[in-house]
Every structure is written in C-alpha cells, then in structure tokens.
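Subject: Structure handover and notes

Dear colleague,

I am passing on the structure we spoke of, together with notes on its helices, sheets and side-chain pairs. Please read them beside the model, which follows here.

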Amino acid sequence: MNIDQFSFAGKKAIVRVDFNVPLDENGNVTDDTRIRGALPTLKKVIADGGALIMMSHMGKPKGKVKKELSLSQIVKNVSDALGVEVKFAEDCAKAADAAAALQPGEALLLENLRYYAEEEGKPVGVEKGTPEYDEAKKEMKARQKDFAKTLAGYADCYVMDAFGTAHRKHASTAVIADYFDADHKMLGYLMEKEVQAVDNVLSNIKRPFTAIMGGSKVSTKIGIIENLLGKVDNLILCGGMTYTFAKALGGKIGNSICENDKLELALDIMKKAKENGVNLVLGTDCIAGDNFSNDANTQVCPVNDIPEGWEGMDAGPDTRKRFAEAIEGAKTILWNGPAGVFEFDNFAGGSKAIAEAIAKATADGAFSLIGGGDSVACINKFGMADKVSYISTGGGALLEAIEGKVLPGVAAIKGE
C-alpha cells in the first residue's frame, strides 16, 4: 500500500519512527533532525483523522530498563514538533489500554522498545556458538513474534518510517509486518524518500559518478567499496583508512591509525580499481599532529613520510585539491565518512573542502547523497545541509543498501 493513497480516518496507526536522537547529560535533545524527518508521515495520520501510536528505540539498553535511555525525555520535543500533546506509555508491551483509549487526532509515544530483548531478538547472557545459544535463539525468536504481535494488536495499520533501522530484522521493523495484510502496511514518506535516494545513486546513475568513502577503517567499508568499484567512475578513499593504504605501499606513517592486518586488502582494492577502470583517489599529503587533540602542534607532510611521534589527522592541501577535482565534475555523488578528525575544528578543513566541492557540483546539477552519522554531522557543522540534494537519516541501513543488500524493513512491507 502507498501511504498517499491510504486514508487513516477512524483508524489507529502504529508508526515505527527513528527517535534515537542525541541527548545531553541533562536529557535535552541536542539535534532533532530525526524527529523533524518523521513529521510528514506523522502529520498525515493526524490530518486524516487517525490516532497515532509512535514506537522507537533509543541507544542500546540490551533488554534492560535504563533511565538515561527513556523516551519520556523527548515527549515535549515530539509534542512541539507535531503540534499535538503527545501521551506517553511507560511500558511498550503493556500499552493496550492507552492505545485503545486514543481518539482520532491524538498521539501516543511508547517507551523504548529495546527495554525488551525481544525487540532485537538476540539471546541475552548466553555464549554464542554453544548448543545453549542455539536453543535460546529458537526460544527468543518465538518470544520476538509474540512481542511483535502485542505491538501490532494496538493498531489497525502499520507504517515503517525508520530507515535508520531498516537493515535490522527486529520485532518493530520487520516481524510486526506479518500481522498486517498488504492493504494495511506501508512505507512512510521518509522511507520512500530514502529508498528513492539510494535508487538514484545506484540504479539511476548520471555520470561521472564520484563516491567518497571516509572513516577510520577499511574493514568496515570493504563490502561497500567492492560494490562501488563496479559502479563508480571516481572513488575517493579518505580519513583514517588513508594510512593503511600508505603503509601497504611501503610508506612511513608515524603514529597514524592503521589496520596492519588489512594491508593486502588495500593492495587488492587498488588492483580491482585499476581492472574496473576506476579512478582511485587517495591522499598524497596530510596535516599531522603531535598528539590527538585540537591544539596539537601541526605540520603538513606526505602521507608516506610521517615522522615518528606524529599522526595524520586531516587531508593536506594537495589532497584537498585532488579530491575537489574528482568531485566538481561529477553528476552523481555519494559521501560517507569524513576526511579527518572533523570534530576538532583545527582538523576539519579536509572534510569542509569535500563539502564545498559537493555543494558546487550540486549547484551545477549533480545529485548528491550524504549518509552516515559523521558525514551528516559534517554537513550540518559547516551549515551546508541545504546545498546538497539529499541527507540520509540511516547510517548502517544506507551502507547496506549501497552494498546491494535487501533491507528487511523494506522487504517486510513490499513482500520481497
């Protein structure tokens, strides 16, 4: 079912949102991007004359009640954003009465789903790889189904609008869909936009296509890199993984971050890029610091000749120029991961140079997709969110989609 064609009038809708928002030490929301992202779907339910039930996780309580991860802390933020006073159910698995009492136009937020281990469906307190674990897993899967059935029982229809968790087969993201027929389950507006954005990047490619992959480890991005090697024209690899490549090529990298067990993998990626005719763009120079802090002493040096006691912290001037050249002529751009320790203002220049080049290319007609927590934080830090085509709310989900994997949260709705 398509959300635009569905009328929520007189119906109770349970919506899986991603309200896993950052909080400060006093429980105040520091970034409400995810709440705002869900508003089109939530407002449609209310405007149609439906009753709205929202469910989300926060953090990783792993089946335990942790006060600092309670969604009660964000009720006011959600109420203010939605323009409706949101009621709160203190136990997501015992909210039947609160859900039944909801009138059209009213809204209810359930407590953190992950207070129940059944949400993730993983056995707790049993060692993996043992016969006990296999038995516990079987039992947990049955309990997960019951948990999903309880949640489904609160409503007449189900909307999946949490792209950030769509890659997990959790009770609230996939299993719950089994309890609704095809006419009563659908993707929300945010999910539809996310799925479309990934499709634009991977299936509707306008060339040249430049992907920028940053971050500290090659190992966490290998599946994505390998999938992209068959699709992109230019692949920029930056951030901490720069130094694994530099060392693999025989360079001296001082104290820089490096995956010593991935040197062969780095060489293999370079070989595959060449075989696929991909222009692989790696850092040539870096801003090195003499310790890991914003006020470290700095020097510019080649990535393959960093002195002992110094570590690469950001892309250098020549590298920034090379990155910009690979980005500015592109018509499709994907950015995941910073070029340096952007959280430190003195080492944010490389990431900012990437953001500026993407903004320029976007202004010239490119489709640019920014995804993954750090890249989104970068683009927001530099005040350039309105200068790119699309910012994805999903980190792991976006990466798995780019890797070519089917997302359980999407498959459960589409019946794939």
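For the helix pairs below, the axes are lines fitted to C-alpha atoms over the stretch in contact, with angles running from 0 to 180 degrees between N-to-C directions. Please keep in mind throughout that this is a predicted model.

With that in hand, I begin with the helix pair α1 (residues 33-48) and α2 (residues 75-82), whose axes come within 10 Å and cross at roughly 55°. That angle makes α1 oblique to α2, and the crossing of α1 and α2 is right-handed. On the α1 side the contact is made by I35, L39, L42 and K43, and on the α2 side by N77, V78, A81 and L82. By class, the residues of this contact between α1 and α2 divide into six nonpolar, one polar and one charged.

A second helix pair lies further along the chain, where the axes of α10 (residues 317-328) and α11 (residues 349-363) come within 9 Å and cross at roughly 20°. Since angles under 35 degrees count as roughly parallel, α10 and α11 are therefore roughly parallel to each other, and the crossing of α10 and α11 is right-handed. In this contact R320, F323, A324, I327 and E328 of α10 meet G349, G350, A353, I354, A357, I358, K360 and A361 of α11. The contact of α10 with α11 has eight nonpolar, two polar and three charged residues.

Helix α11 also leads to the first of the sheets, as α11 lies across β7, β15 (332-336) and β16 (367-370), running at about 155° to β15. These three strands belong to an open sheet of six strands, with parallel pairing and the order β10-β8-β7-β15-β16-β17. At the edges stand β10 (279-282) and β17 (390-391), each with a single partner strand, so one side of each is left without a neighbour in the sheet. Within the sheet, strand β7 (residues 209-213) runs parallel to strand β8 (residues 234-237), and four bridges join the two; A211 stands opposite L235 in β8.

There is also an open sheet of three strands, in the order β12-β11-β14, and here the pairing is antiparallel. Its edges are formed by β12 (298-302) and β14 (311-315), each of which has a single partner strand, so that one side of each is left without a neighbour in the sheet. Neighbouring strands of this sheet are turned by 45° against each other on average, direction ignored. Strand β11 (residues 285-289) runs antiparallel to β12 and is joined to β12 by five bridges, and the bridge partner of C286 in β12 is C301.

Turning to charged pairs, the structure holds 19 salt bridges. In one of them the side chains of R16 and E119 meet, at 3.6 Å from N to O. Because R16 lies in strand β1 (residues 12-16) and E119 in helix α4 (residues 117-120), the pair ties together parts that are 103 residues apart in sequence.

Two points of backbone geometry remain, and as background to both, most residues other than glycine have a negative phi, and most peptide bonds are trans. Against that, a cis peptide bond joins R207 and P208, with omega at about 0°, and P208 is found in the loop between α6 (189-202) and β7. The other point concerns K62, which has a positive phi of about 50° although it is not a glycine; K62 lies in the loop between β2 (51-55) and α2, where α2 is the helix that crosses α1 at roughly 55°.

With best wishes

Terms used
Residues are numbered from 1 along each chain as its sequence is written. This is a predicted model: local features need pLDDT of at least 70, side-chain atom pairs count only at pLDDT 80 or more; totals for chains, interfaces and linings use all residues. Side-chain values use heavy atoms; hydrogens and water are left out. Angles under 35 degrees count as roughly parallel, over 145 as roughly antiparallel, 65 to 115 as roughly perpendicular and the rest as oblique. A crossing is left-handed if the near helix is turned anticlockwise from the far one by less than a right angle, and right-handed if clockwise. Contact means heavy atoms within 4.5 Å. Ala, Val, Leu, Ile, Met, Phe, Trp, Tyr, Cys and Pro count as nonpolar, Asp, Glu, Lys and Arg as charged, and the others, Gly among them, as polar. Two strands pair if DSSP finds at least two bridges between them. A salt bridge is a side-chain nitrogen of Lys or Arg within 4 Å of a carboxyl oxygen of Asp or Glu.
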